[in-house]
Amino acid sequence: MMWNLVDYSFVKNKNFQNHISKRGWHKADLVSSNQLNDLRILFDENHEINQVGMFYSMYSKDLSYRKKVRDGILTILAPLLNAEFEDYKVAYAIFVVKTPGEETEFFLHQDPSIVDEHKYSSLHLWIPLEKITEKNGPLCLIEGTHLASQPYRGITVPSFFKGNEGLLREYLKPIYLDEGEAILLDPRVVHNSLANLSDKTRVAALVGIIPEDSEIILSHCEAGSEENVVEQHLFSDDYFLNGQGFYLNCECRPENGKMLNSKKWDIKPLSEEEILKKFDALGISRTNQISVNHNLSECVMFGEPKS
């Protein structure tokens, strides 16, 4: 079935737009030292983490905590967001936490589609609160894979590379950042983050940017249902602030939304041969920068900011 990527019309800088359209991401020096310091204070005042693993602030069941984090991040970053984007709104603003430990490498994935991607594109703004090196869990990505994607993605929707994760690791590129630098990332790009092997917890602020006139629409494949059938569920704009089930029940059918439709779409994972052919057509080349044949520890996740 045909599907074409939609432009990032809400990004003001046309050079940024062009880079993201071509590569799927862009690195830029966007964040002031005062904003970084304020983000660190916001994090320190609301977190007390004493366990190994990864944590996303939207996982928490404490809605007052989640609102405090969202409101705090958006207040601090308001000048940046309004300078870089227009006709936009924020789907979520959260902290992503990776403590020191070998059990903190996040799996290879694409982020879920959260808008109708036949009409819109969305972006992530990823802002680490410290310099990112090879030691403290850098984001790794495969340039150009936003063009190899499909418009329906979610926890329960099979990825195009399912079963070929080892192959795709050969294409990953680690991204290192100085303080103040941020990444604009198309959520369709295949990416992961490496384990934090430093002695300090790595914290990043993550802001989901969507067009102002778009709606939150999530994709879901129900276990045991007809093959290649994708459900579309509509939610209010505050879904990621007030919704539940992002941690323990993430594979269940989304609740408190409205099912828009259930449609057939070719979502079967590609074979190795098909992936290689697609990557070759898109000019996606191996980087061989990430180890492929080592025994990865399963990433440990936890659900609350204080432990």
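## A buried pair and its network

In this predicted model, Glu117 has just 1% relative accessibility, so it counts as buried. Its partner is Arg188: the two form a salt bridge, with 3.3 Å between the closest N and O atoms. Arg188 also comes out at 1% relative accessibility and therefore counts as buried too.

Where do Glu117 and Arg188 sit along the chain? Glu117 is in the loop between β4 (106–109) and β5 (123–128), while Arg188 is in the loop between β8 (181–185) and β9 (191–193), and the two are 71 residues apart. There's also a network of salt bridges here, linking Glu117, Arg153, Asp186 and Arg188.

## Strand to loop

Lys89 pairs up with Asp237 in another salt bridge, the closest N and O atoms being 3.0 Å apart. This one links distant parts of the chain, with Lys89 in strand β3 (residues 88–98) and Asp237 in the loop between β12 (229–235) and α5 (239–242), 148 residues apart.

Is each partner buried or partly exposed? Lys89 has 18% relative accessibility, and under 20% means buried, so that's where Lys89 falls. Asp237, at 41%, counts as partly exposed.

## Helix to loop

Glu143 and Arg23 make a salt bridge as well, with their closest N and O atoms 3.9 Å apart. Glu143 lies in the loop between β6 (139–141) and α4 (165–169) and Arg23 in helix α1 (residues 14–23), so the pair ties together parts that are 120 residues apart in sequence. Glu143 is partly exposed at 26% relative accessibility, and Arg23 is partly exposed at 24%.

## Overall tally

How many salt bridges are there? The count comes to 12.

Conventions
Residues numbered from 1 in each chain as written. Predicted model: local features only at pLDDT ≥ 70, side-chain atom pairs only at ≥ 80, totals over all residues. Heavy atoms only, no water. Salt bridge = Lys/Arg side-chain N within 4 Å of Asp/Glu carboxyl O. Helix = DSSP H or I, 4+ residues; strand = E, 2+ residues; numbered from the N terminus. Buried < 20%, exposed > 50% of the residue type's maximum accessible area, 1.4 Å probe, protein only.
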